[in-house]
Structure formats: C-alpha cells, structure tokens
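Dear colleague,

I am passing on the structure we spoke about, and I would be glad if you could look through it alongside the notes that follow.

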Amino acid sequence: MLSEETIVKALGGRSSLGRQVRSPLDLDELIRIGFPYKAGIFLKDLLNLNTNQFTKYLQLSERTWIRVRNAHKRLSSIVSDRIYRLARIYSLACEVLEDDALAKEWLNRPQYGLGGKIPLELLHTEAGTKEVEDLLWRIEYGIAV
C-alpha cells in the first residue's frame, strides 16, 4: 500500500519540505501554504525532466518558475497540489512496477490502457490522474488492460 512516507521521499523529504511530515494532514497543510521551491526541483530532477517539461506539467510558465526558484519563494497551493499529484503517481508507479527507472519510463510512454496517451500528460486533471491511477492498480492486481 502506498504510504505518505514514499511520497514525501519523492519530494525530497525534510530537507526539501523544510519540516518533518508525519501524516497526510501535515502534507495537506504544506500544500495549502505552498511547498518550498526545493521540493519541486527535487521531484523535477528525480524524474529527469527538463524545465520545459516540468513547467508544462505544472501549467506554469518557465519564466514564473525561474522567478520563484531564484527568489526562493514558496510555490502556490495550486502548483504544490500538482507537484503532490505527480509525486503520488510516481510513487505508485514505482511500487507497482517495482523499479524506479521503469516507473519513469512508463510515465513517459504511451500506454495502451490509456488509449495510447502518455500518463504524465493526463496528470493535468484529477480525472486524468484517476485514469492513470486506476491503470496502475489494474496492473498491480493483474487485471487485463
């Protein structure tokens, strides 16, 4: 079962988030006040995404991302929620596929079970995210996709 600890690791842990996260409610509070920019950078680097790819996923301009990064500001709650969503799905893919490199590759490849769509591109919405999550659970439980 996917744990908050796994998701927190994908966000860089205490050093990136700036504090200990002990429960989902701690994460909720951090999302509401906005993640430190370091959590986003950690996840971007973990997923081997360039700035253009990452900001496209966050629906944020590169210029805004660079401005926030250079000023060492907190991200908005909306951007923080998108980063959390990406970290959660990445963590789930790692758990289901049992390999970090395979999970990264899977997230960036068209998937038959998603109508040929790329999982990362579906994470822009909650509906798309649910489809990716459902597919991962079907893979986990061996249900035909």
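Does Glu133 count as buried, partly exposed or exposed, and at what relative accessibility? Please bear in mind throughout that this is a predicted model. Glu133 counts as partly exposed, its relative accessibility being 22%, and the cut-off that matters here is that buried means under 20% relative accessible area. The partner of Glu133 in a salt bridge is Arg88, with the closest N and O atoms 3.1 Å apart. Since Arg88 belongs to helix α7 and Glu133 to helix α10 (residues 126-140), this pair ties together parts that are 45 residues apart in sequence. Arg88, for its part, is buried, with a relative accessible area of 14%.

Helix α10 also holds a salt bridge of its own, in which the side chains of Asp134 and Lys130 meet at 3.0 Å, N to O; these two residues are four apart in the helix, which is about one turn. Asp134 counts as partly exposed at 26% relative accessibility, and Lys130 is likewise described as partly exposed, with a relative accessible area of 46%.

A search of the whole structure gives nine salt bridges. Among the others that I noted, Lys44 and Asp45 bring their side chains together at 3.3 Å, N to O, with Lys44 counted as buried at 12% relative accessibility and Asp45 as partly exposed at 46%. Arg19, Asp26 and Glu29, in turn, are linked in a network of salt bridges.

Turning to the packing of helices, α5 (residues 51-58) and α7 (residues 77-97) pack with their axes 9 Å apart and at an angle of about 110 degrees, and because angles of 65 to 115 degrees count as roughly perpendicular, that is how the two helices are described relative to each other. On the α5 side the contact is made by Phe54, Tyr57 and Leu58, which meet Val79, Arg82, Ile83, Arg85 and Leu86 of α7. Sorted by character, the residues of this contact comprise six nonpolar and two charged ones, with no polar residue.

Phe54 appears again in the aromatic pairs, of which the structure holds two. Phe54 and Trp65 form an edge-to-face pair, 5.4 Å centre to centre and with 75 degrees between the planes. Because Phe54 lies in helix α5 and Trp65 in helix α6 (residues 62-71), the pair ties together parts that are eleven residues apart in sequence, and both of these residues are buried. Trp137 and Tyr141 form a stacked pair, with 6.0 Å between the centres and 25 degrees between the planes; Tyr141 is exposed, with a relative accessible area of 61%.

Finally, two backbone values may be worth checking when you go through the loops. Gln59, placed in the loop between α5 and α6, has a phi near 55 degrees, a positive value in a residue other than glycine, and Gln59 is partly exposed, with a relative accessible area of 45%. Glu98, found in the loop between α7 and α8 (100-107), has a phi near 60 degrees, which is again positive in a residue other than glycine, and Glu98 counts as exposed at 69% relative accessibility.

With best regards

Conventions: Residues numbered from 1 in each chain as written. Predicted model: local features only at pLDDT ≥ 70, side-chain atom pairs only at ≥ 80, totals over all residues. Heavy atoms only, no water. Axes fitted to C-alpha atoms, helices over the stretch in contact; angles between N-to-C directions. Parallel < 35°, antiparallel > 145°, perpendicular 65-115°, else oblique. Contact = heavy atoms within 4.5 Å. Nonpolar A, V, L, I, M, F, W, Y, C, P; charged D, E, K, R; others polar. Phe/Tyr/Trp six-rings, centres within 6.5 Å; stacked < 30°, edge-to-face > 60°. Buried < 20%, exposed > 50% of the residue type's maximum accessible area, 1.4 Å probe, protein only. Salt bridge = Lys/Arg side-chain N within 4 Å of Asp/Glu carboxyl O.
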